[in-house]
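Q: How should enclosed space and strand pairing be read in a model like this one?

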Amino acid sequence: MSDVCARTLPWVHPSPVLVLLTRTAERHPAGAALLRAAAGAALGVTAEQVRVGREPSGRPVLGGAARGLHASVSHVPGLSAVALGSRGPVGVDVERLRAVPAAALARRWFGAREAGWLAGRSETEQPVQFLRMWTQKEAIGKVLGTGLADGGLLRPVRLGAPAGTALCPVPGTPRFYIALPPAPEGFVLAVASGPEAAGSRLEVVMLPPPAERPDPGAACP
């Protein structure tokens, strides 16, 4: 995970998917403002040069200086994530690590194979694995623009996948590629894309909090 001042801007798409993380104090920060700021930082333009609209489903659509890029946003108290895709739709989901009745929730919401696999993990491992599965399902739903509707919780995901930036196919579902990139301590992060990103690695950049963010083009301290 690199810092924004350690990389060359603007983003020149060496990776088809870029993920920008930032610490946020608000419980429900404004998604459009996050998208404008993140896309502006990635492209080396001001946030005001980025336009954000919405599809009927609620999926964000970028315009202005970011026209042609695909976007997804997710936030929980303490961390926000924006994914940008240069080749096709992307989805991102972040969750805070916490104690959950993982086995019971999996039996209720997931398919039998996934619930059985989770039940075979140790009690200490079950919560993180459940949240890794949940974030993958959320991320896939955002690629589709449907969220978890239409049986989204039953869509298969990668089981026991280690953290990493490689976008790998979901076994039995080559339509989706998923990565579980490293996240700040205490959080779980999943990113999904379509077959356009097959075999690629995504890039993760940690942005400073909004109040500390330098102007685009300004020299880093």
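**Cavities and a hairpin**

A: Start with the elements around the enclosed space: β2 (17–22), α1 (31–43) and β6 (79–85) each give at least two residues to the lining of the largest cavity. The model is predicted.

Q: How many cavities of 30 Å³ or more are there?

A: A cavity is a set of points where a 1.4 Å probe fits but cannot get out. The count here is 2 cavities of 30 Å³ or more. The largest holds about 50 Å³, and the second largest has a volume of about 30 Å³.

Q: Which residues lie nearest the centre of the largest cavity?

A: Of its 11 lining residues, Thr22, Leu34, Ala38, Val82 and Leu207 are nearest the centre. By class, the lining divides into 8 nonpolar, 2 polar and 1 charged residues.

Q: What lines the second largest cavity?

A: The lining includes Pro16, Val17, Arg87, Val90 and Glu196. Among the others are Gly85, Ser86 and Ser193. By class there are 4 nonpolar, 4 polar and 2 charged residues.

Q: In which sense do β5 and β6 pair?

A: Pairing is read from bridges: two strands pair if DSSP finds at least two between them. β5 and β6 are antiparallel, with 7 bridges. Ser74 stands opposite Ala81 in β6. The hairpin of β5 and β6 has 2 residues between the strands, and Gly78 takes a positive phi near 105° in this hairpin.

Q: How many residues of strand β5 are buried?

A: Buried means under 20% relative accessible area. In strand β5 (residues 70–76), 5 of the 7 residues are buried, so the strand is mostly covered.

Terms used: Residues are numbered from 1 along each chain as its sequence is written. This is a predicted model: local features need pLDDT of at least 70, side-chain atom pairs count only at pLDDT 80 or more; totals for chains, interfaces and linings use all residues. Side-chain values use heavy atoms; hydrogens and water are left out. On a 1 Å grid over the protein atoms alone, a cavity is a set of points where a 1.4 Å probe fits but cannot get out, and a pocket is an open set with protein on both sides within 12 Å along at least five of seven lines; lining residues have an atom within 4 Å of a point. Grid points are joined across faces, edges and corners, and a volume is the space filled by probe spheres set on the points. Helices (H or I, at least four residues) and strands (E, at least two) are DSSP runs, numbered from the N terminus. Ala, Val, Leu, Ile, Met, Phe, Trp, Tyr, Cys and Pro count as nonpolar, Asp, Glu, Lys and Arg as charged, and the others, Gly among them, as polar. Buried means under 20% relative accessible area, exposed over 50%, partly exposed in between (1.4 Å probe, protein chains only).
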